[in-house]
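Got the sequence and the 3D view open? Let's take a walk through this one together, step by step.

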Amino acid sequence: MPHFDLPLAALREHRSTVQAPDDFEEFWASTLEGARAAGGETYARPVDNGLALVETRDVTFAGFAGDPISAWLHVPAGREPSAVVVEFLGYSGGRGYAHQQSEWVLAGYAHLLVDTRGQGSSHGKPGATADPHGSDPAAPGHLTRGISSPETHYYRRVFTDAARAVDVAHELLPGRPVVVAGISQGGGIAIAAAALGEGVAAALVDVPFLCDFPRATSITDRAPYAEIVSYLAAHRDRVDDAFRTLSYIDGVNLARRADVPALFSVGLMDATCPPSTVFGAYAAWAGSDKDIAVYPYNDHEGGGPLHRRVQLDWLRDRLSA
């Protein structure tokens, strides 16, 4: 994929035209209040992961409407973690197996890896969380499930689960800073968790999906944004209603209420999550302590392992300040 979006200088000046609906704050406040009022226990059962240096617990907690959400909690064996990294997953992936690890535990952090409800059947990483809520007719995938109304949209449930995951991180490891992180869909969910969660210390947002839906659907034909195009090609009379619903879960609108330190990343050849949509969310981020790592010749893989080292250094500096 060649460079197809705005030049880098223009991207740095770009501002999204996405606007939040008038009841945006009320919508999310009532949604989160309802989820917390639904109650539900948190369970953290030790499991044998076959590893000597990492201890793992199989966590189940109450998400949207009290629905059970699965996660792995990994901690360094015999060592108190300095912080908790709550990680959200890419599109269609699951939490995988208990022995699958990232660098977060090796760096001395606890790692809460959260399933995305109704996903987890690709990338070789199975999920364990159902989505018991149905929807009107939708295009294959997740983006248009319940798109007729913000109350029924799939990502209302997912973002609520993310905010509850932050609550659970504080519950399981009290007193530790909680960092939210994710790549692609996980990056979009991390934006929501930083905006909606309580007591978030920092956010690591990589090549985020779910940002500036009107622009994304107009400049890329790559999935998953293509799901919206496919849906609207069939439901020609629902364009305005669909984009109104999407405005409630748009990362640009959520970024405007996220004020924690944040490190973004973007690939300038990324046709899955176009650079201008990423820069739109980055520019909207309410916090002043923010930076974006730019990878000029990368597609949706972004900075890959090189960027993970950038994150490790950035996070160490923020948490030790």
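What follows is a tour of the sheet, the helices on it and the nonpolar cores. Keep in mind that this is a predicted model.

Let's begin with the sheet. It is an open one made of 9 strands, and if you read across it, the order is 1-2-3-5-4-6-7-8-9, with mixed pairing. At the edges you'll find strand 1 (43-47) and strand 9 (290-295), each of which pairs on one side only. On average, neighbouring strands are turned by 20° against each other, if you ignore direction.

Now zoom in on strand 3, which covers residues 68-76. On one side, strand 2 (residues 54-62) runs antiparallel to strand 3, and 9 bridges join the two. You can pick out facing residues here: threonine 60 is opposite serine 70 of strand 3, and alanine 62 is opposite proline 68. These two strands make a hairpin with 5 residues between them, and in the turn sits alanine 65, whose phi is positive, at about 60°.

Strand 3 also pairs with strand 5 (residues 110-114), again in the antiparallel sense, through 4 bridges. Here leucine 73 has leucine 112 in strand 5 as its bridge partner. So is strand 3 buried or exposed? Counting a residue as buried when its relative accessible area is under 20%, 8 of the 9 residues of strand 3 are buried, so the strand is largely enclosed by the rest of the structure.

Next come the helices. Helix 4 (residues 154-172) packs on the sheet and touches several strands, including strand 1, strand 2, strand 3 and strand 7 (200-206). The direction of helix 4 makes about 130° with that of strand 2. Helix 5 (residues 185-196) packs on the sheet too, touching strand 4, strand 6, strand 7 and strand 8 (262-267), and its direction makes about 150° with that of strand 6.

Finally, look at what fills the inside. In soluble globular proteins, nonpolar side chains tend to be buried together. In this model, the largest nonpolar core has 77 residues, and those with the most contacts inside it are Val86, Phe88, Tyr155, Phe159, Val180, Phe264 and Trp285. Helix 4 gives the largest share of this core, 11 residues. For a close-up, try valine 86: leaving out residues up to four places away in sequence, valine 86 touches Leu112, Val114, Ala165, Ala169, Val178, Val179, Val180 and Ala181. Another core, of 11 residues, lies apart from the largest one, and among its members are Ala83, Trp104, Tyr109 and Leu315.

Technical notes. Residues numbered from 1 in each chain as written. Predicted model: local features only at pLDDT ≥ 70, side-chain atom pairs only at ≥ 80, totals over all residues. Heavy atoms only, no water. Buried < 20%, exposed > 50% of the residue type's maximum accessible area, 1.4 Å probe, protein only. Pairing = 2+ DSSP bridges. Axes fitted to C-alpha atoms, helices over the stretch in contact; angles between N-to-C directions. Contact = heavy atoms within 4.5 Å. Core = buried A, V, L, I, M, F, W, Y, C linked by side-chain atoms within 4.5 Å.
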